[in-house]
Amino acid sequence: MLVNSRLLFAAAAWGSATFLFTSDAALAQTSGCAMERVTGTSRQVMRCADGVTITAEGGARFNLVDRNRDGRPDAVSLRNKAVLVDVDRARRPDGFEVITPQAIAAVRGTRWAVDVKNSTTSVFVVRGRVAVGRPSAGERVVLNVGEGVDVARGSGPLTVRRWPPARAAALLARLGQ
């Protein structure tokens, strides 16, 4: 869903055609999700019936992806800015992914932030564990609470680092945390 004024829902596999919806009601009917604006901010929060909550920074551009066509999103394709994803493991045992041009971050149940800017994807874990790798396969790393990784274009190694509190706080503040 393009978070500014339009909502997109990917109804097929990654890279396939998307359908444009012009209202939150259409998205809710199609994916079991509802979008709401956070009063007094440019952020939006999407809550899905199956235990996935996505908080999007103002101006973030992303679409929902439903690879298996079961009517429930199983991934978000993020193009710019940041999202905070919270997945309830009890209600979503099959996991969830955030896909960016540089990385894929996948979980079974957790809370993590993903930020795309200047050809780099940064992933930070608030709760749980997140596996991160490049879309082209290759090396994968697993992040724990307080850890992050910056994934740039190219094939360099993925280096897991404990993020300084100021960096983590700055990203999470953009997401209302």
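Two strands pair if DSSP finds at least two bridges between them. Strands themselves (E, at least two residues) and helices (H or I, at least four) are DSSP runs, numbered from the N terminus. With that in hand, strand 12 (residues 130-134) and strand 13 (residues 137-143) pair in the antiparallel sense over 5 bridges. V130 has L143 of strand 13 as its bridge partner, and a hairpin of 2 residues joins strand 12 to strand 13.

A word on the ground rules before going on. This is a predicted model, in which local features need pLDDT of at least 70 and side-chain atom pairs count only at pLDDT 80 or more, while totals for chains, interfaces and linings use all residues. Residues are numbered from 1 along each chain as its sequence is written, and side-chain values use heavy atoms, with hydrogens and water left out.

**The disulfide**

A disulfide here is a pair of cysteine sulfur atoms within 2.5 Å, and the count comes to 1 disulfide. The partners are C33 and C48, with their sulfur atoms 2.0 Å apart. The torsion about the S-S bond of C33 and C48 is about 100°, so this disulfide is right-handed. Because C33 lies in strand 3 (residues 33-37) and C48 in strand 4 (residues 44-48), the pair ties together parts that are 15 residues apart in sequence.

Are these two cysteines buried or exposed? Buried means under 20% relative accessible area, exposed over 50%, and partly exposed in between (1.4 Å probe, protein chains only). C33 counts as buried at 1% relative accessibility, and C48 counts as buried at 7%.

Strand 4 also holds V45, which is buried at 7% relative accessibility. V45 and A34 are 11 residues apart in sequence, and their C-alpha atoms are 8.2 Å apart in space. In the loop between strand 3 and strand 4 you will find T41, partly exposed at 31% relative accessibility. The side chain of T41 reaches the backbone oxygen of V38 at 2.9 Å. T41 and L175 are 134 residues apart in sequence, yet 10.0 Å apart in space from C-alpha to C-alpha.

**Nonpolar cores**

A nonpolar core is a set of buried Ala, Val, Leu, Ile, Met, Phe, Trp, Tyr and Cys residues joined through side-chain atoms within 4.5 Å. The largest has 32 residues, of which I54, F62, W112, V123 and V132 touch the most other members. Strand 7 (residues 75-87) gives this core its largest share, 5 residues. A second, separate core has 9 residues, including A82, F124, W163 and L171.

**Around W163**

A pair of aromatic rings is described by the distance of the centres and the angle of the planes. Rings of Phe, Tyr and Trp (its six-membered ring) pair if their centres lie within 6.5 Å; planes under 30 degrees apart count as stacked, over 60 as edge-to-face and the rest as tilted. By this rule there is 1 aromatic pair. The ring centres of F124 and W163 are 4.9 Å apart and the planes meet at 25°, so the pair is stacked. This pair links distant parts of the chain, 39 residues apart: F124 is in strand 11 (residues 120-127), and W163 is in the loop between strand 15 (161-162) and helix 2 (165-174). F124 is buried at 6% relative accessibility, and W163 is buried with a relative accessible area of 7%.

What sits over the ring of W163? The charged end of R167 does, 3.8 Å from the ring centre. The rule for a charge over a ring asks that NZ of Lys or CZ of Arg be within 6 Å of the ring centre and within 35 degrees of the ring normal.

R167 has a further partner in S122, as a polar contact of 3.3 Å joins their side chains. A polar contact is a pair of N or O atoms within 3.5 Å; within protein, one must be able to donate a hydrogen and the other to accept it, and residues adjacent in sequence count only if both atoms are side-chain atoms. S122 is placed in strand 11 and is buried, with a relative accessible area of 9%.

**Positive phi**

To finish, here are two residues other than glycine with positive phi.

| Residue | Phi | Place | Relative accessible area |
|---|---|---|---|
| R69 | near 55° | loop between strand 6 (61-65) and strand 7 | 58%, exposed |
| K81 | near 70° | strand 7 | 33%, partly exposed |
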